[in-house]
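Student: I should like a close look at a single part of this model, chosen by you. Please begin there and then set that part against other sites in the chain and the overall picture.

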Amino acid sequence: MQNKGLVKLFALLFGLVSIYQLSFTFKANQIDNTAKEIAISRIPDTEPNYDVKRGLEITRYLDSLSNEKVFDIGIASYTYKEVKNKAMNLGLDLKGGINVILQISVKDILKGLSNNSKDPVFRKALDDAEELQKNSQNTYLEDFFVAFDAIKGDTKLASPDIFANRTLSEEITFNMTDNEVQPIIKRKIDESIVSAFEVLRKRIDKFGVTQPNIQRLGNSGRILVELPGAKDINRVKKLLQSTAQLEFWDAYEGEEFLPFIVQANEVLKSSIEVSTTTDGEVESEDTEEESQIEALLGADPDSTDVAIVNPLLDLIRGQGYQGGPIIALFEAKDQQTVIDYLNKPEVRSLLSPEQRYVKFVWGIPQFQTATIDDATSSIEVVELYALKGNRENISELSGAVITDARQSYSSTGQPTVSMQMNTKGAKIWETMTGRAFTQGSQIAIVLDDIVYSAPGVTTGAISGGNSEISGSFTLNEAVDLANVLRAGKLPASADIVQAEEVGPSLGQEAIDSGVKSFLIALALVLIWMLFYYGKAGIFSDIALTLNILLIFGILAGLGAVLTLPGIAGIVLTIGIAVDANVLIYERIREELTKGKGQKEAVKDGFSNALSSILDANITTGLTALILFIFGTGPIKGFATTLLIGILTSLFTAIFISRLLIDWYINRGGKLDFSTSITKGLFRNIKIDFLKKRKIAYVFSGLFILGGLASLFTSGLDEGIDFVGGRTYQVRFAKDVNTEEVKDALILTFGSVEVKTIGNANQLRISTKYKVNENSAEVDEEVQHKLYESLIPFLPDGITYQQFVDADNNIGKMYSGKVSPTIADDIKRSSIWAVLGSLIVVFLYILLRFKKWQFSLGAVTAVFHDVLIVIGIFSITYKLMPFSMEIDQAFIAAILTVIGYSLNDTVVVFDRIREYLNEHTSWDFSRNVNVALNSTLSRTLNTSLTTLVVLSTMFFLGADSLRGLLFALIVGVVVGTYSSVFIATPIMYDTIKKLDKKEK
């Protein structure tokens, strides 16, 4: 081998760099473990909320080391922060945390650009665009333009009532055509989404999660946010979805609206026909209204015999203080009902002319003790405020004037948020506070339509632009609010359309099982290579060990994320690396059998195997590249490790193995590339494979027909990735009956799927309940209903919060959500990924072998493999004791099967091409059969080692990977079969048929 010195240098440098990169991971883990030990020693299990306190203690300890030098490698020293940034990134499924895709509402942005236009054509076009989106591949904006064109009549986008308004007057004029306006609107939408992206990035940076990832997904208005290690999931969701729409409004005195509330109650009574009295007579309106106002004010009216059902008054749970801005207190569960009542046209018509633009806004929910039906209980109540609105519904002062915000404390030690305004804001604030002082009224500070506080002004107008928000904040809430205000408001609402939440304990379990299965698989492969190839197996084992070191080093150096499927990708890479060594060793054995000397045999063996190795790895690499392009999250991690593994496998197998073997031989060592047991194994085999091709065609045809029949009758177990919905993984304290749990959940959700995951005490629950609603409130509602339905199966006394946090590993371990729109996109991308890989493979093989028959044989075999894998999943998904959902992981398996099947096929085709060139006098069928027999040792050897590593991870690895690994195991078996009995015979038959036509 030439350039041995260069190869040694590269191997040394790559090894040292990999060790250097991985050293940061080991050091970071060491420091983190020390922090945990300190927290455990300081806070015993007997303390209340010990887990929360330990978490805070760990955070404090690590924060204290943030800028302290903790790692010295001689030539440089690093702080803990630098060590953590250089450590290997662990994905969500290994570390726990949250991964979401946020959809920025383009509809909201369009409303904002139109200054909240009330134009009926514009409004209808917005609604029609939403309908079009359900079955459209376009962006919302494109569908809006289509919807507007369909109904516009004489209305133009450049109408003064739509986009030719005061705000956009410098860019859009009345005489513009729709075609001229559209590019401007597109640009404005893009600017708003970029703004949203920056706002979210600033918020996340302040949240304190290490190694966060945020990226914009194309032009769809979607933003991906990954926060591995995030503990407080609900806090993260609020941080991401809060629009931070801060407004300052003058408030009415609540007492002003008591007569209105009573009158509204009377109107509602008559409209829903529930008025009644105990003696069947109706009291005079004046008397009844006076007594009800007295009751509201806390007086004891004389009319004790009146038992009237009051739609509005009966919902009141308390009153505001005298002179304050609160009208009354209601239960939190009745908020929507009350607002619906108050916004009825017949009710709002009762307001005086001065009050006609009033805004009814809720405060922050809080718990209080109340007596209902002679029973005392703690209920969640919320205050109702009346704010002085206007025709445009725009506040006099907004959060746009905030230049800085900080978490601070009130005089009583409660967390608050202090703000500083710019010059313009300070001037308006001075005017508003001066007016409030003169009138003795309050100013409501409203964030995202919730009144946080409504202070009065007792010392005159406030100059300088300083203000403060208080509102029973926890410290975390105050810190988050300050960060959100400082980062700025989102230009539109942000809905979570896809989410994945993994509890930290589930992540740790995944690491433990992943590492265990990986080490066992590696040990089995190393032992097998020694058993089969003897001393030569030692050199392949050294090369394989270096290969794994390089993979982890490159992952750490590139800042790539290691996921659970990524570990599966590394395990699969072991099989790929072994394949390269097997190809080389089998060719060397052939050269030795021909009587060549050891050095010459090694030289020719490496040389002859190179073509097959490159072709096999390039085809696998192409499918992995397609998977990387179309995949997301953990699946992209799988593709990343596979691509890196292919490159490192080529380097170690071709160069490192050769370097070690040459070194040993040059020292006078002797290598047989076999042991006494394996010597001569699979030699002198003369199977007529082509003669058996018709039997194989019939067998495969029947299998495929059976799979298709099952596919059309039973279908597939489509996961939420493809149909949308919410899914939860729940762990119980003891084994549960799946059917009993399902029956309990059906009563709540109507439609639900329940499957056992791993042990009988762990279930995966999927539902489409409110699948089209993406708000945080609906997410919380569904989760709460899940908890309430599962209470009979959970330990006594477990609270909702304990269930969500999975205290003691009991409760919600994982949750995921995919909206129908995202599901459609995933399904479309998956189809294109599979079709794209088939096209790429066809073209590559055509380029390499120059004959379309080779391409046809390869693609037919791959298509055959895909159909059989899908058919087996359709036939068995109801029988298997693990999840066989068709999701993104399954598509990753299909693409990997395509790559693996091609790997086998290309090796066979390469040998056929070689024999055709060498043995021109042989009959075509003889060349093909001899080539198949000569590659049989390699085919079986590679398949066996790959199946060993996959089976090890299947039985010992994480439950969530069983479906992916089962597909890969089936794919390896079917791919090995098809390369011999489908791809080669199809190629043979088409060439023979063409020859007959030519003759």
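Tutor: Asn 115 is placed in the loop that runs between α5 (106-113) and α6 (120-133). The model is a predicted one, and every value given below is computed from it. Within this loop, the backbone of Asn 115 has a phi near 55 degrees, which is a positive value in a residue other than glycine. Asn 115 has a relative accessibility of 40%, and it therefore counts as partly exposed, since that class lies between the 20% limit for buried and the 50% limit for exposed.

Asn 116 also belongs to the loop between α5 and α6. Its phi, too, is near 55 degrees, again positive in a residue that is not glycine. With a relative accessible area of 41%, Asn 116 is partly exposed. The loop thus contains Asn 115 and Asn 116, each with a positive phi.

Two charged residues elsewhere in the chain provide a contrast in accessibility. Glu 226 is found in strand β6, which covers residues 222-228. Because its relative accessibility is 16%, under the 20% limit, Glu 226 counts as buried. The C-alpha atom of Glu 226 is 8.1 Å from that of Gly 97, although 129 residues separate the two along the chain.

The other residue is Arg 693, which lies in helix α21. Arg 693 is likewise counted as buried, because its relative accessibility is 17%. Once neighbours within four places in sequence are set aside, Arg 693 is in contact with Pro 985, Tyr 988 and Asp 989.

Helix α21 (residues 693-713) also leads to a helix packing. It packs against helix α27 (residues 852-876) at an angle of about 50 degrees, and the two axes are 8 Å apart. That angle makes α21 oblique to α27. The crossing of α21 past α27 is left-handed. On the α21 side, the contact is made by Ser 700, Phe 703, Ile 704, Gly 706, Gly 707, Leu 708, Ser 710 and Leu 711. The α27 side contributes His 864, Leu 867, Ile 868, Ile 870, Gly 871, Ile 872, Ser 874 and Ile 875. By class, the residues of this contact divide into nine nonpolar and seven polar, with no charged residue.

Another pair of helices may be set beside it. Helix α23 (residues 738-749) and helix α24 (residues 776-790) have axes that come within 9 Å and cross at roughly 140 degrees. This crossing makes α23 oblique to α24, and its hand is right-handed. Here Val 741, Ala 744, Leu 745, Thr 748 and Phe 749 of α23 meet Val 782, Lys 785, Leu 786, Ser 789 and Leu 790 of α24. The contact of α23 with α24 comprises seven nonpolar residues, two polar ones and one charged residue.

Finally, the whole protein frames these sites. It holds 31 helices and 24 strands, and its C-alpha trace spans about 115 × 70 × 65 Å along the principal axes. Of its 999 residues, 53% count as buried. Among contacts with a separation of 6 or more, 73% join residues 24 or more positions apart. The protein exposes about 45,600 Å², of which carbon and sulfur atoms supply 56%.

Technical notes. Residues are numbered from 1 along each chain as its sequence is written. This is a predicted model: local features need pLDDT of at least 70, side-chain atom pairs count only at pLDDT 80 or more; totals for chains, interfaces and linings use all residues. Side-chain values use heavy atoms; hydrogens and water are left out. Axes are lines fitted to C-alpha atoms, for helices over the stretch in contact, and angles run from 0 to 180 degrees between N-to-C directions. Helices (H or I, at least four residues) and strands (E, at least two) are DSSP runs, numbered from the N terminus. Angles under 35 degrees count as roughly parallel, over 145 as roughly antiparallel, 65 to 115 as roughly perpendicular and the rest as oblique. A crossing is left-handed if the near helix is turned anticlockwise from the far one by less than a right angle, and right-handed if clockwise. Contact means heavy atoms within 4.5 Å. Ala, Val, Leu, Ile, Met, Phe, Trp, Tyr, Cys and Pro count as nonpolar, Asp, Glu, Lys and Arg as charged, and the others, Gly among them, as polar. Buried means under 20% relative accessible area, exposed over 50%, partly exposed in between (1.4 Å probe, protein chains only). Accessible areas come from the Shrake-Rupley method with a 1.4 Å probe; for residues, only the protein chains shown count as cover.
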